[in-house]
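Below are my notes on the model you sent, set out as numbered points that can be read beside the coordinates. I have kept to packing, charge pairs and surface character.

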Amino acid sequence: MANSISHTEEPATAAKALPAASPQPLPSSSPPPQVEFDYEELPETSPLTMHLIAGAAAGIMEHSVMYPFDIVKTRMQVVGSPSAVAYSGVTQALKLISTTEGMRSLWRGVMSVVLGAGPAHAVYFATYEQTKKLFTAAAGGNQHALAAGAAGGVATIVSDALMNPFDVIKQRMQLAGSGYRNIFDCAAKVFRSEGMRAFYVSYPTTLIMNIPFQSIQFGCYDLFRRTLNPSGAYSPMTHVVAGGMAGAVAAALTTPIDCCKTLLQTRGASVDPEVRAASSMLTSAKIIYKQQGVAGFFRGMKPRIIANMPATAISWTTYEYFKWMIARRDARID
C-alpha cells in the first residue's frame with residue numbers, strides 16, 4: 001500500500017484569552033497533502049542491482065519451496081522409465097518416493113536449482129523491468145498486459161540460457177536410481193559421457209515452452225493484478241492470488257511442451273535407444289505420441305499446476321515486496 005507521511009498542525013494560540021464559554025468545535029479542514037510513492041515503477045535512481053537482488057530472492061523461493069512436486073512431475077513425464085508407470089497420482093507418488101527412498105529423496109538436486117535460479121532470475125526480472133519500460137513507452141506510456149507479456153518473453157530468452165544446464169542437472173538428479181553423489185558429480189559425469197551439448201540440447205524446446213509460459217504468466221498476472229487491485233497500491237494478498245492464478249493457467253497450457261523438454265533432458269538416462277537418439281522437440285513429440293498417445297502429452301500436468309500455483313505466487317509476492325521496500329527506502333532518502 002502506498003506509503004504516506006502525514007503532518008498534523010497544532011491550532012494557533014489565541015492572542016487574547018476569551019471569556020469563559022462552552023468549547024467550540026474546531027472548523028473542519030481537508031486532510032493535509034500526502035507524500036506518496038509509486039512502488040510499481042522503481043525510481044530511475046534505483047540501481048540495476050536492486051532488480052537483481054529482488055529477482056534472485058524471488059527465483060530461489062519460487063523453485064525451492066515446491067521442489068517435491070517438481071520431482072513427481074519429472075518422474076511421471078519420463079518416457080521409457082518404470083517410474084512413469086509406477087506413479088498414478090500426486091499423493092501416491094509422494095508417499096511412494098518418501099517411503100521407498102526416504103524423505104531426503106524428495107529434495108535431490110535442489111541445490112542445482114538454488115545455484116542456478118538465483119542468477120537466472122536476477123537477470124530475468126532485471127530484463128523484464130527494462131524491456132517492459134521500453135514496450136510501455138512504445139505504446140504511448142499506457143500500461144498494458146501485452147507489454148508485460150512481451151517483456152516476459154524477452155526476459156525468458158536471456159534467463160534460460162543461464163538456467164538450462166542447471167535444469168538438466170536437476171532432472172537427472174530427480175530420476176529414480178540416478179546414482180549421482182551430488183550435483184557436481186552429476187555435472188561431471190554428464191559432461192564426460194555426453195559432452196556440453198547435453199546441457200543445451202533442450203534449450204530450443206525450453207524456449208518454445210517458456211516463452212509462451214512466461215508471456216502467459218506475465219500477461220495474466222498483470223491483468224489479474226489490475227483487476228483485483230485497480231488502485232495499484234501494495235497488496236500482498238493481490239500478488240498471491242494473481243500470481244497463483246497466472247501460474248496455474250500458464251502451467252496447464254504449456255504441459256505438452258514440458259513433456260517434450262523432459263524427454264530431451266533425461267534422454268541420457270534412458271535405456272530406450274529411440275529416446276536416447278532424440279535430438280529435437282519434433283522427434284521427442286513423435287516418441288511420446290508413439291509410446292503413450294495423446295495422453296502422454298498431459299502426464300504430470302496436475303503436479304505441474306500444483307507446483308506452479310504456489311511457486312509463482314511466492315515468486316511474485318517476494319519480488320513485489322522487495323520492490324515495495326526499495327521504493328519506500330528511496331522515498332525516505334529523497
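1. Lysine 73 is buried, since its relative accessible area is 4%, and buried here means under 20%. This and everything below refers to a predicted model, and the values should be read with that in mind. The side chain of lysine 73 forms a salt bridge with that of aspartate 258, at 2.9 Å from N to O. The two residues belong to distant parts of the chain, with aspartate 258 in helix 10 (residues 255-265) and lysine 73 in helix 2 (residues 67-77), 185 residues apart. Aspartate 258 is buried as well, with a relative accessible area of 1%.

2. Glutamine 77 also deserves a look, as a residue of helix 2 that is buried, at 2% relative accessible area. Leaving aside residues up to four places away in sequence, glutamine 77 is in contact with Thr255, Asp258, Cys259, Thr262, Arg299 and Gly300. Asp258, the salt-bridge partner of lysine 73, is thus among the residues that glutamine 77 touches.

3. How many salt bridges does the structure hold? There are 12, and one of them joins the side chains of aspartate 167 and lysine 170, again at 2.9 Å from N to O. These two residues are three apart in helix 6, so about one helical turn separates them. Aspartate 167 has a relative accessible area of 10% and is buried, and lysine 170 is likewise counted as buried, at 8% relative accessibility. The pair does not stand alone, for a network of salt bridges links Asp70, Asp167, Lys170 and Lys261.

4. A further salt bridge brings together the side chains of lysine 189 and aspartate 185, with an N to O distance of 3.4 Å. Because they lie four residues apart in helix 7 (residues 183-194), about one helical turn separates lysine 189 and aspartate 185. Is each partner buried or partly exposed? Lysine 189 is partly exposed, with a relative accessible area of 32%, whereas aspartate 185 counts as buried, at 8% relative accessibility.

5. Turning to nonpolar packing, the largest nonpolar core has 16 residues, of which Phe125, Tyr128, Phe218, Trp316 and Tyr319 touch the most other members. Two or more residues of this core come from each of helix 1 (48-65), helix 5 (110-138), helix 6 (145-174), helix 8 (203-228), helix 9 and helix 13 (301-333). Helix 8 makes the greatest contribution to this core, with four residues. Another core lies apart from this one and has 13 residues, including Met76, Tyr87, Ile97 and Val110.

6. Which residues form the nonpolar patch on the surface? The patch consists of Leu228, Met237, Val240, Val241 and Met245, which together have about 420 Å² of accessible area. Helix 9 (residues 236-253) gives the most to the patch, with four residues, and helix 9 is also one of the elements that give two or more residues to the largest nonpolar core. Methionine 245, which is found in helix 9, has 35% relative accessibility and therefore counts as partly exposed, the range between the limits of 20% for buried and 50% for exposed.

Note on methods. Residues numbered from 1 in each chain as written. Predicted model: local features only at pLDDT ≥ 70, side-chain atom pairs only at ≥ 80, totals over all residues. Heavy atoms only, no water. Patch = residues over 30% accessible without salt bridge, like charges linked within 9 Å, V, L, I, M, F, W, Y side chains within 5 Å. Areas by Shrake-Rupley, 256 points an atom, 1.4 Å probe, with all protein chains shown as cover. Salt bridge = Lys/Arg side-chain N within 4 Å of Asp/Glu carboxyl O. Buried < 20%, exposed > 50% of the residue type's maximum accessible area, 1.4 Å probe, protein only. Core = buried A, V, L, I, M, F, W, Y, C linked by side-chain atoms within 4.5 Å. Contact = heavy atoms within 4.5 Å.
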